[in-house]
Amino acid sequence: MDASSSSLKLSNRLADNMDYLKKELGQSADLVMKEIQLGKAAKIAVIYIDGLIDTQVLHNSILYSLHEPTTALLIADQEPHHQLELLRTHLLVAGDVSVTKEVDPFLRDLMSGNVMVMVDGSYEAIRIGLPGWEDRNVSEPSSQSVVRGPMEGFTENLRTNTALIRRKIRDSQLWLETSQIGKVTQTNVSLMYLKNIADPELVKEVKRRLKQIDTDSILESGYIEEFIQDTALTPFPTIYNSDRPDTIAAGILEGKVAIIVDGTPFVLLVPAFFVQFFQSAEDYYQRADISTLLRFIRYLSFFITLLAPSFYVALTTYHQEMIPTSLVISLAAQRETIPFPAFVEALAMELTYEILREAGVRIPKNVGQAISIVGTLVIGQAAVSAGFVSSAMVIIVSITAIASFVIPEPGLAIAARITRFALIGLAGFMGLYGILFGVFFIVLHLCSLHSFGLPYMSPFAPYRASDMKDSIFRLPWPFLRTRPVEDRPQNVQRQSPSSK
């Protein structure tokens, strides 16, 4: 190896290069180095990682071409550099072929599922792209299911995911830029955006934040999300993620930038706004009146998830005069044998529900349903019968739990669950005044958030009337003629004014 330059170069001796690889990779069992002697013409080495390449194509195409009798005749009496050039341009039957001279790109290409071909006496190596590891097939999305709409979801393969998006947007202006992040993992991270629609400053800012990431590993898009978000001091998600190609394609068409990470089916979309987390892909496949009704239900469910337990604690503890007399008598009868105040009762039930919910996620699927039934029915009924909690509290917690599942984006549902505990505490100490203070603080906090420099609460704050047509309600498609101004697209017009 030649270390005279700033980066380590390949040696012109094949044996030295192979010895270096064995030492660098620690005699790895999956490292395959096949030496081929082409008569007296040249000595060639084919190097790859077993399990990362398509071995069938390797044998039927690359190795078959090298063992052809005419191969040795064509490269005979040629200098090693010319032999390698003839192999690259005329003899090796492959589409994705390039040449490298440095050790670091050589190792990165080798570990990324490429076949490396080296000729004794040449300082260069040929890279042949033949990735062929086992992938999960495209299947129905697991986190954002719909009744009507496409039933295909992203996989863990980067190229499959970019292809799924290109199937939705068949435009030459859909640009794809890929870089490696992670000094150890060298994870491929791609940006996809429409060059003629996305804000150039937004694209530039996304690239800048990704370039600043200096870490050993990137194993999932969540790593990227925490590195590039505007602030970490919030429970609310400021970057949208989805495993649905149609959702990501719709965001790109509005001027957003998609961040695709190799090894995960969840693609990031920036910038993200609060209203976006209440929108489902199905909203745009149903009629506008149905979609509007569903959105109202989601907003209502969010407020129930956030406020129902705290309102119960405040009313039963401090503001009994606001409850109808018959209901007060019923609640008092239920709480007569309860040894704990409503605040402790609510906190205990919410914690119990969160434990059961986490257990249902972690335990094997074949017993998960049984645990859910035991937790919700048997434990709840036993707690009421034993006098630990009241029936009304079980009803409140159950309604709150069901409402949390209505929110289409899990990240916002988790934020509501976290914030709910703080509101329960404020209700237990100050009643409705505490809830009012908590809601006021949440609104101020939401209005202070930004996603890539853009206001998180847009189009509510700052108010944009033109973007309200697809916020709490959705107008029919003929009226959605412009893209949301909040994304600052270059081309605002989405439909012709004459479309009906």
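# Two sheets, a long chain and its unusual backbone angles

Arg 488 counts as partly exposed, because its relative accessibility is 46%, a value that lies between the limits of under 20% for buried and over 50% for exposed residues. Everything described here refers to a predicted model. The backbone at Arg 488 has a positive phi of about 55°, although this residue is not a glycine, and its place in the chain is the segment after strand S12. Most residues other than glycine have a negative phi, and most peptide bonds are trans. Against that background Gln 186 is also worth finding, since it is a residue other than glycine whose phi is positive, near 50°. Gln 186 sits in the loop between S6 and S7, and with a relative accessibility of 29% it counts as partly exposed too.

The segment after S12 (454–455) also contains Pro 459, and the peptide bond that leads into this proline from Ser 458 is cis, with omega near 10°. Pro 462 lies in the segment after S12 as well, and it is joined to Ala 461 by a cis peptide bond whose omega is about 0°.

From these local features we can turn to the sheets. One of them is an open sheet of five strands, arranged in the order S1-S2-S4-S5-S3 with antiparallel pairing. S1 and strand S3 (97–100) form the edges of this sheet, and since each has a single partner strand, one side of each is left without a neighbour in the sheet. From one strand to the next, the twist averages 25°.

The pairing can be followed strand by strand. Strand S1 (residues 31–38) is joined to S2 by eight bridges in the antiparallel sense, and within this pair Leu 31 stands opposite Ile 49 of S2. On its other pairing, S2 runs antiparallel to strand S4 (residues 114–119), with four bridges between them; here Ile 47 has Met 116 in S4 as its bridge partner. S2 (residues 42–49) is largely enclosed by the rest of the structure, because seven of its eight residues are buried. At the S3 edge, four bridges hold S3 and strand S5 (residues 125–129) in an antiparallel pair, in which Val 97 is matched with Ile 128 of S5. Helix H2 (residues 55–66) lies across S1, S2, S4 and S5, and it runs at about 165° to S2.

A further open sheet, again of five strands with antiparallel pairing, has the order S6-S7-S9-S10-S8. Its edges are strand S6 (174–181) and strand S8 (240–242), each of which has a single partner strand, so that one side of each is left without a neighbour in the sheet. The twist in this sheet averages 25° from one strand to the next. S8 and strand S10 (residues 267–270) run antiparallel and are joined by three bridges, and the bridge partner of Ser 242 in S10 is Val 267. Helix H8 (residues 221–228) packs on this sheet, where it touches S6, strand S7 (187–194), S8, strand S9 (257–261) and S10, and its direction makes about 135° with that of S9.

Next come the nonpolar cores. The largest has 60 residues, of which Phe 236, Ile 252 and Phe 302 touch the most other members, and helix H10 gives the most to this core, with eight residues. If neighbours within four places in sequence are set aside, the contacts of Phe 302 are Phe 236, Phe 274, Phe 278, Ile 407, Leu 412 and Ala 416. A second, separate core consists of 22 residues, among them Ile 44, Ile 53, Leu 58 and Ile 128.

Helix H16 (residues 432–448) shows how one helix can be read from end to end and from face to face. At 1.5 Å a residue, its 17 residues should span 24 Å, and the C-alpha atoms at its ends are indeed 24 Å apart, so the expected and the modelled lengths agree. The buried residues of H16 are Gly 434, Ile 435, Gly 438, Ile 442, His 445 and Leu 446. Seen down the helix axis, these buried residues fall within an arc of 105°, which means that they line one face of H16. They pack against helix H10 (288–317) and helix H15 (410–430), whereas the face of H16 turned away from the buried side carries the exposed residues Tyr 433, Leu 436, Phe 437 and Phe 440.

Notes
Residues are numbered from 1 along each chain as its sequence is written. This is a predicted model: local features need pLDDT of at least 70, side-chain atom pairs count only at pLDDT 80 or more; totals for chains, interfaces and linings use all residues. Side-chain values use heavy atoms; hydrogens and water are left out. Buried means under 20% relative accessible area, exposed over 50%, partly exposed in between (1.4 Å probe, protein chains only). Helices (H or I, at least four residues) and strands (E, at least two) are DSSP runs, numbered from the N terminus. Two strands pair if DSSP finds at least two bridges between them. The expected span of a helix is 1.5 Å times one less than its number of residues. The arc is that of the directions from the helix axis to the C-beta atoms. Contact means heavy atoms within 4.5 Å. A nonpolar core is a set of buried Ala, Val, Leu, Ile, Met, Phe, Trp, Tyr and Cys residues joined through side-chain atoms within 4.5 Å. Axes are lines fitted to C-alpha atoms, for helices over the stretch in contact, and angles run from 0 to 180 degrees between N-to-C directions.
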